[in-house]
Amino acid sequence: TEAVKATEYRTIMGWGSVLYLEDLQKKSKAAMVYSDEDIDDVIIPFKNGEYHKAKAILRGKYIEFIESGIINIDYIRKFSLNVIFEINVKVLKPNMELDEIFGADFLPNKELHELDTIENMRDFMDGLVTKIADYLTEHGKNKYKKEVATAIEIIEKGYKSELSVENIASSLFISTSYFMHIFKKDTGMSFSEYLLKYRFEKAKELLSTGRYKVYDVCKMVGFNDPKYFSKIFKRETGVTPKKYTDSL
């Protein structure tokens, strides 16, 4: 009913909103799509240590959501989770983890599910990025050797393609054995372990959107055989891709 829709709108937008039925009908048709660029707008300055800029951009995104009339709370929640995921993968890992900053009991998905307005999610995310920024400022982010940092950038940009230790070492003009040594020393993982972990983090991100089939995600993260992908996914996560999707 329209009354139920109005209640849902007020729950998501906050009790201070003035609601008109005509506005609600228009707003319910609002495009609920955000792009990788929206995430990158926040992550790039954060990765470069421009924390105040990243926070301002992130708050601006939530203001855009409010002004555009987006009323799907799951949409806002998924955006927030993707920002957290990208900060974890591209800013913190592999030398830090979120639980190092927030504790082992920190479950961002659970925290976000307990929030029922965009304003509350905005404030939660503002506090989260502030705490991460403060931690990085105080403790400093461990620096990789130049070759390792370059290799990680290659993984982030080319994880969908076939990547090999030999080819990357060759592109860096160093021997394969030396590259393997410094990569393991700096990251705590072998190149293949890091690549696999990154691919499955991306796979989980794609599966969580609910927009792609397992077969499609398999191809999107650099695997050719869906059966092998499912087998390794279960080995790495403890569940099959389908069960992972069903649990969301």
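**Entry 1: Y244**

I began at Y244 and listed its partners, leaving out residues up to four places away in sequence, and found that Y244 touches K204, L207, F233 and V239. I keep in mind throughout that this is a predicted model. I then looked up where Y244 sits, and it lies in helix α15, which covers residues 241-246. Is Y244 buried or exposed? Its relative accessible area is 18%, and buried means under 20%, so I entered Y244 as buried. For one of its partners, F233, I also checked the separation of the C-alpha atoms, which is 9.6 Å from Y244, with the two residues 11 apart along the chain.

**Entry 2: E205**

Next I turned to E205, which has its place in helix α12, residues 191-209. E205 has a relative accessible area of 15%, and I noted it as buried. Setting aside residues up to four places away in sequence, I found E205 touching N82, F85 and E86.

**Entry 3: helix α4**

I then examined helix α4, residues 51-68, and asked what span its 18 residues should have. At 1.5 Å a residue the expectation is 26 Å, and the end C-alpha atoms are indeed 26 Å apart, which agrees. Going along α4, I recorded Y51, A54, L58, K61, Y62 and F65 as buried. Looking down the axis of α4, I saw that these buried residues fall within an arc of 90°, so they line one face of the helix. I set beside this the general point that an α-helix has 3.6 residues a turn, so residues three or four places apart point the same way. On the face of α4 turned away from its buried side I found the exposed residues H52 and E67. After α4 comes G69, for which I noted a positive phi, near 85°.

**Entry 4: Y62 and the cores**

I followed Y62 further and, leaving aside its neighbours within four places in sequence, listed its contacts as I76, F79, S80, I118, M121, R122 and M125. Y62 also appears in the largest nonpolar core, a set of 35 residues in which F46, Y62, I87, L92 and I132 have the most contacts inside the core. Which elements give two or more residues to this core? I found α3 (36-47), α4, α5 (73-92), α6 (98-102) and α8 (118-139), and the largest share, 10 residues, comes from α8. Finally, I noted a second, separate core of 33 residues, which includes I152, I174, F200 and F229.

Note on methods:
Residues numbered from 1 in each chain as written. Predicted model: local features only at pLDDT ≥ 70, side-chain atom pairs only at ≥ 80, totals over all residues. Heavy atoms only, no water. Helix = DSSP H or I, 4+ residues; strand = E, 2+ residues; numbered from the N terminus. Expected span 1.5 Å × (residues − 1). Buried < 20%, exposed > 50% of the residue type's maximum accessible area, 1.4 Å probe, protein only. Arc of directions from axis to C-beta. Contact = heavy atoms within 4.5 Å. Core = buried A, V, L, I, M, F, W, Y, C linked by side-chain atoms within 4.5 Å.
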